[in-house]
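Reader: I would like a close look at one part of this protein. Pick a helix and take me through its surroundings. Short sentences, please.

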Amino acid sequence: MKQPDIEQELQKFKERLQFANGWSDVFKLNYLTLYRHILEAELVPEEELIRRAKNIKPLVRLTKDGEKRDDGQFADDDRLVFIKPCDIRQSYIYNFSQDEIVMENTKKEGCKPLTVPPLNKLAEFTCYHHYGGYYGFFRPGVDEVLAQIPQTVDLNRVSAFEIVVSSLDFEQVYDSMLDRHVTTVILYEAEGELPYQVRQQPVICNDTPY
């Protein structure tokens, strides 16, 4: 992704804010500050994103029937699963299939999703995502999450994350002023190490494994 010229982009954004009728000056200023934060996150070096991706893994939530849960209405019998390596610049959620789940073979249960160790919720934050061509295509990438983790979070404690969508209607999670989808990201700390099968996964960035 081309690195943005922050001051130039902010000036364009400021001009757009002038047409936001009914918005107070304070609200516009807050939006301008938020947009700066988003642009600055996009400047996180690729090598730093790869470093984070080696230690922080995406999780996908499944229903009791094994289907991907598409919104934030969790159930007690949901389960989180690890996924196979995917380019961190691409979406691991768009067109998700069962084939992408990391599996394990057990004597009692045969082939089943690799067990996720006990997780403790470490933090959560609002995350902003580009989309694929049309705002109705929800395509969040691992890189966006890793780049936007708040500086107050100790990265050494983060083991995994989950993207939570508040609505299945993407018009409800699309911010037209920011031109981004808006989600909540939950950061988890694992009790102990992640499974070796996950820790040894290569990180893929721009089709190159690391």
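Author: What follows is a walk around helix α2, then a shorter stop at helix α3. Keep in mind that this is a predicted model.

Start with length. Helix α2 covers residues 25–41, which makes 17 residues. At 1.5 Å a residue, that should span 24 Å. The end C-alpha atoms are 25 Å apart, so the expected span and the model agree.

Next, which residues of α2 are buried? They are Lys28, Tyr31, Tyr35, Ile38, Leu39 and Ala41. Looking down the axis of α2, these buried residues fall within an arc of 155°, so they line one face of the helix. A general rule of helices helps here. An α-helix has 3.6 residues a turn, so residues three or four places apart point the same way. The face of α2 turned away from the buried side carries Asp25, Val26 and Leu29, which are exposed.

What do the buried residues of α2 pack against? Two helices are on the list: α1 (6–17) and α4 (142–148). The strands are β5 (119–129), β7 (174–175) and β8 (180–190).

Now take the pairing with α1. Two packed helices are described by the angle between their axes and the distance between the axes. For α1 and α2, the axes come within 10 Å and cross at roughly 150°. An angle over 145 degrees counts as roughly antiparallel, and α1 and α2 are therefore roughly antiparallel to each other. The crossing of α1 past α2 is right-handed.

The contacts can be named. From α1 come Ile6, Glu7, Glu9, Leu10, Phe13, Lys14 and Leu17. They meet Lys28, Tyr31, Leu32, Tyr35, Arg36, Leu39 and Glu40 of α2. Among these α2 residues, Lys28, Tyr31, Tyr35 and Leu39 are also buried.

Finally, helix α3, residues 46–55. Its buried residues are Leu49, Ile50, Arg52 and Ala53. They cover an arc of only 165° around the axis, which puts them on the same side of α3. Their cover includes β1 (57–62), α4 and β9 (204–205). Helix α4 thus appears again, since the buried residues of α2 pack against α4 too.

Look closer at Ala53. Its relative accessible area is 6%, and buried means under 20%, so Ala53 is buried. Leaving out residues up to four places away in sequence, Ala53 touches Ile88, Leu146 and Val203. The C-alpha atoms of Ala53 and Gln201 are separated by 10.0 Å, although the two residues are 148 residues apart along the chain.

Terms used:
Residues are numbered from 1 along each chain as its sequence is written. This is a predicted model: local features need pLDDT of at least 70, side-chain atom pairs count only at pLDDT 80 or more; totals for chains, interfaces and linings use all residues. Side-chain values use heavy atoms; hydrogens and water are left out. Helices (H or I, at least four residues) and strands (E, at least two) are DSSP runs, numbered from the N terminus. The expected span of a helix is 1.5 Å times one less than its number of residues. Buried means under 20% relative accessible area, exposed over 50%, partly exposed in between (1.4 Å probe, protein chains only). The arc is that of the directions from the helix axis to the C-beta atoms. Contact means heavy atoms within 4.5 Å. Axes are lines fitted to C-alpha atoms, for helices over the stretch in contact, and angles run from 0 to 180 degrees between N-to-C directions. Angles under 35 degrees count as roughly parallel, over 145 as roughly antiparallel, 65 to 115 as roughly perpendicular and the rest as oblique. A crossing is left-handed if the near helix is turned anticlockwise from the far one by less than a right angle, and right-handed if clockwise.
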